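Biologist: I should like to learn how to read the features of a structural model. Please begin with a single residue and then widen the view.

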Amino acid sequence: MMNHEDTPTAGLRVTLYGRPTCEDTAIIRDRLDFLHVPFHEIDVDQDPAAAQFVESLNNGNRVTPTLVIGPTSDTLAEPGVAALDEALQRAGLRATRPRG
């Protein structure tokens, strides 16, 4: 379990459920880091309860990455970068890299 939460965001929680060996998880993790979006990462291979939760969201499949975003608990399974950016915008997060 890893935290990537150096920047506080008022009440917003982004949780990334993934696997260390999953390329799609790495892409989404890198995108969140690039955008400076704070998030909490959970390894579904190490956390059985998290694995069951991911399966409950994805018709019994352990799909990684799966994200839960914001107070509305918007969920995404294996999102592309564009889908991630749209979900972040819906949650009120900037989906472009800050300048400066």
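**From one residue to the whole chain**

Modeller: The model is a predicted one. Tyr17 has a relative accessible area of 10% and is therefore buried, because buried means under 20%.

Biologist: Which ring forms an aromatic pair with Tyr17?

Modeller: In general, rings pair if their centres lie within 6.5 Å. Here the partner of Tyr17 is Phe53, with 5.4 Å from centre to centre.

Biologist: What is the geometry of the pair: stacked, edge-to-face or tilted?

Modeller: Planes under 30 degrees apart count as stacked and those over 60 as edge-to-face, the rest being tilted. The planes of Tyr17 and Phe53 stand at 50°, so the pair is tilted. The count for the protein comes to one aromatic pair.

Biologist: Where in the chain do the two partners lie?

Modeller: Tyr17 belongs to strand E2 (residues 14-18), and Phe53 to helix H2 (residues 48-57). The partners are 36 residues apart, and the pair links distant parts of the chain.

Biologist: Is Phe53 buried, exposed or partly exposed?

Modeller: The class between the 20% and 50% cut-offs is partly exposed. Phe53, at 34% relative accessibility, falls in that class.

Biologist: What pattern do the helices and strands follow along the sequence?

Modeller: The order is β-β-α-β-α-β-β-α, with three helices and five strands. Among contacts with a separation of 6 or more, 60% join residues 24 or more positions apart.

Biologist: How are burial and surface described for the whole protein?

Modeller: Of its 100 residues, 42% count as buried. The protein exposes about 5900 Å², of which carbon and sulfur atoms supply 47%.

Methods:
Residues numbered from 1 in each chain as written. Predicted model: local features only at pLDDT ≥ 70, side-chain atom pairs only at ≥ 80, totals over all residues. Heavy atoms only, no water. Helix = DSSP H or I, 4+ residues; strand = E, 2+ residues; numbered from the N terminus. Buried < 20%, exposed > 50% of the residue type's maximum accessible area, 1.4 Å probe, protein only. Contact = heavy atoms within 4.5 Å. Areas by Shrake-Rupley, 256 points an atom, 1.4 Å probe, with all protein chains shown as cover. Phe/Tyr/Trp six-rings, centres within 6.5 Å; stacked < 30°, edge-to-face > 60°.
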